[in-house]
Each structure stands twice: as structure tokens, then as C-alpha cells.
Amino acid sequence: MTVSASLLATAAVLCAVGGILMLTRPLTRILLGAVIASNGINLLVLAATGSAGREPLLYGVPLHRVTDPLPQAIALTAIVITLATTAFLLAMAYRSHQLTGTDEVHDDDEDRRIALRSEVLGERDELRERYRAAPDVTEEDRARYREERRRLRARLRADRALQARGRYATGDLWHDVLGADLEDYAQKQAHADADPGAAG
């Protein structure tokens with residue numbers, strides 16, 4: 001079986017570029033990366049067929065000269081799956097841009113909170129070690145130590161308050177999850193502000 005080196009090199013470059021793009025934050029780049037990587041994988045699958053041969057017909061063609069049709073069928077199936085994935089990612093990017101004004105994928109709030117807590121606890125432990133390792137602790141050092149501890153606790157409290165505020169949600173599943181326009185949120189909020197007795 002002979003495989004074209006240029007075909008393999010092109011497939012490797014496409015897979016590498018697609019993989020790098022899929023590791024970025026904007027959904028449009030992730031979309032482009034998925035499309036480029038899928039094209040590279042399709043080239044790799046087609047390269048597995050070897051050199052070109054005769055068409056895979058049932059009659060009139062010698063079997064030893066026929067091209068293997070299985071990789072071609074797999075590539076065709078992968079093209080259909082890529083099309084569906086592209087449509088899904090386009091819808092996600094559009095909806096994200098509609099709601100937040102950007103298509104960038106943000107950090108998960110819980111992951112961010114855990115990372116911040118780990119960072120704050122590390123700073124607190126380092127601060128405590130420095131305080132305990134000091135040979136003679138003055139009242140000024142003690143006050144500075146307490147102030148630093150208060151600052152670290154304030155960072156955690158500020159992050160918890162930020163998460164608690166969250167984004168405004170109406171409570172309507174269709175509008176909150178499935179696709180409200182930003183104007184709908186503004187109109188409902190203005191209506192609730194104008195008539196506080198009717199809210200609920």
C-alpha cells in the first residue's frame with residue numbers, strides 16, 4: 001500500500017491547526033478548529049485507502065484492483081457529523097453573543113471559586129509561616145498580620161457576593177434557557193419596576 005507523503009503532511013498540519021484552535025476560548029475559533037480538524041481526519045482516513053484504484057463495482061472489475069470503499073463511507077459519515085457539529089456550535093456562538101455580547105467561553109464559576117480559595121489559603125499559610133518565623137514580633141507586625149488576614153477574607157467574601165448576584169433571570173424557562181432576546185429582559189424589568197404589586 002502506497003500513501004502520498006504530501007497527503008499525510010497536509011492532514012497532520014490540518015489536525016494540528018484544528019487542535020490549537022479548539023483550545024482557545026472564543027466559540028468561533030473553536031468552530032473553525034473543529035471544521036479544520038475534521039477535514040484533516042478525513043484526509044487521514046482517505047489516506048488509509050492507499051493508492052487510487054478502480055471503482056468498487058460488483059461485476060466486471062478485478063478485485064485486486066478495486067479501491068477499498070469503507071474509508072470513503074466513513075469519511076462521508078464524518079462529513080455529515082461535522083455539518084451537524086458546525087450547526088450546533090454556530091447556534092451556541094450566536095446565542096452566547098446575543099446574551100453576553102461576546103462568544104468567549106468563560107470559566108466555570110465553581111472552578112474559579114475553588115482556584116481562588118486555594119490561592120487565598122496558600123497566601124494565608126505563607127503569611128502565617130512568615131509571622132511565626134519572625135524572631136521578635138512587635139505590635140505593628142501583629143497589626144499588619146491581622147490586616148493581611150482581613151484582606152484575604154475580604155477577597156473570598158467579595159467573590160461569594162459576586163457569584164450570589166449572578167445574572168438576572170425571569171424564572172421563565174423558555175426565556176431564561178431557550179432563547180429570550182435582551183429586549184425582553186429589559187421590558188420585563190421595566191414593567192416590574194413600574195408595577196411592583198404585580199410582580200410575582
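Which side chain does the side chain of aspartate 103 join in a polar contact? In this predicted model, the partner is threonine 28, and the two side chains come to 2.9 Å of one another in that contact.

**View 1. Surroundings of aspartate 103, a buried acidic residue without a salt bridge.** Aspartate 103 sits in the loop that runs between helix H3, residues 70–100, and helix H4, residues 109–133. The residue is buried, and the nearest side chain of opposite charge, that of arginine 29, lies 7.8 Å away; because a salt bridge requires the nitrogen and the carboxyl oxygen to be within 4 Å, this pair does not qualify as one. The side chain is instead shown with its polar contact to threonine 28, at 2.9 Å. Leaving aside residues up to four places away in sequence, aspartate 103 touches Arg25, Pro26, Leu27 and Thr28, and it also touches Ala93, Ser96 and His97.

**View 2. The stacked pair of tyrosine 131 and tyrosine 145.** The structure holds 1 aromatic pair, and it is formed by tyrosine 131 and tyrosine 145, whose rings are 4.3 Å apart from centre to centre with an angle of 10° between the planes. Tyrosine 131 belongs to helix H4 and tyrosine 145 to helix H5, residues 139–165, so the pair ties together parts of the protein that are 14 residues apart in sequence. Tyrosine 145 has a relative accessibility of 13% and therefore counts as buried, whereas tyrosine 131, at 22%, counts as partly exposed; the cut-off that separates these two classes is 20% relative accessible area.

**View 3. A salt bridge between helix H4 and helix H5, formed by glutamate 123 and arginine 151.** The side chains of glutamate 123 and arginine 151 meet with a nitrogen-to-oxygen distance of 3.8 Å. Glutamate 123 lies in helix H4 and arginine 151 in helix H5, and the pair links distant parts of the chain, 28 residues apart. Both partners fall into the partly exposed class, glutamate 123 with a relative accessible area of 27% and arginine 151 with a relative accessibility of 37%. These two residues also belong to a network of salt bridges, in which they are linked with Glu119, Glu148 and Arg155. A search of the whole structure finds 10 salt bridges.

**View 4. Two salt bridges within helix H5, glutamate 139 with arginine 142 and aspartate 141 with arginine 144.** In the pair of glutamate 139 and arginine 142, the closest N and O atoms are 2.9 Å apart. Because these two residues are 3 residues apart in helix H5, about one helical turn separates them. Glutamate 139 is exposed, with a relative accessible area of 53%, while arginine 142 counts as partly exposed at 26% relative accessibility. In the pair of aspartate 141 and arginine 144, the closest N and O atoms are 3.1 Å apart, and here too the partners are 3 residues apart in helix H5, so that about one helical turn lies between them. Arginine 144 has a relative accessible area of 44% and is partly exposed, and aspartate 141, with a relative accessible area of 25%, is also partly exposed.

**View 5. Alanine 5 in helix H1, shown with alanine 47.** Alanine 5 is found in helix H1, which covers residues 5–22, and at 58% relative accessibility this alanine counts as exposed. From C-alpha to C-alpha, alanine 5 and alanine 47 are 9.4 Å apart in space, although 42 residues separate them in sequence.

**View 6. The whole protein, with its 7 helices and 0 strands.** Read along the sequence, the protein follows the pattern α-α-α-α-α-α-α. Of its 200 residues, 19% are buried, and the protein exposes about 14,200 Å², of which carbon and sulfur atoms supply 62%. Among the contacts between residues at least 6 apart in sequence, 56% join residues that are at least 24 apart.

Conventions. Residues numbered from 1 in each chain as written. Predicted model: local features only at pLDDT ≥ 70, side-chain atom pairs only at ≥ 80, totals over all residues. Heavy atoms only, no water. Helix = DSSP H or I, 4+ residues; strand = E, 2+ residues; numbered from the N terminus. Buried < 20%, exposed > 50% of the residue type's maximum accessible area, 1.4 Å probe, protein only. Lys, Arg positive; Asp, Glu negative; His and termini not counted. Polar contact = N/O pair within 3.5 Å; in protein donor to acceptor, adjacent residues only side chain to side chain. Contact = heavy atoms within 4.5 Å. Phe/Tyr/Trp six-rings, centres within 6.5 Å; stacked < 30°, edge-to-face > 60°. Areas by Shrake-Rupley, 256 points an atom, 1.4 Å probe, with all protein chains shown as cover.
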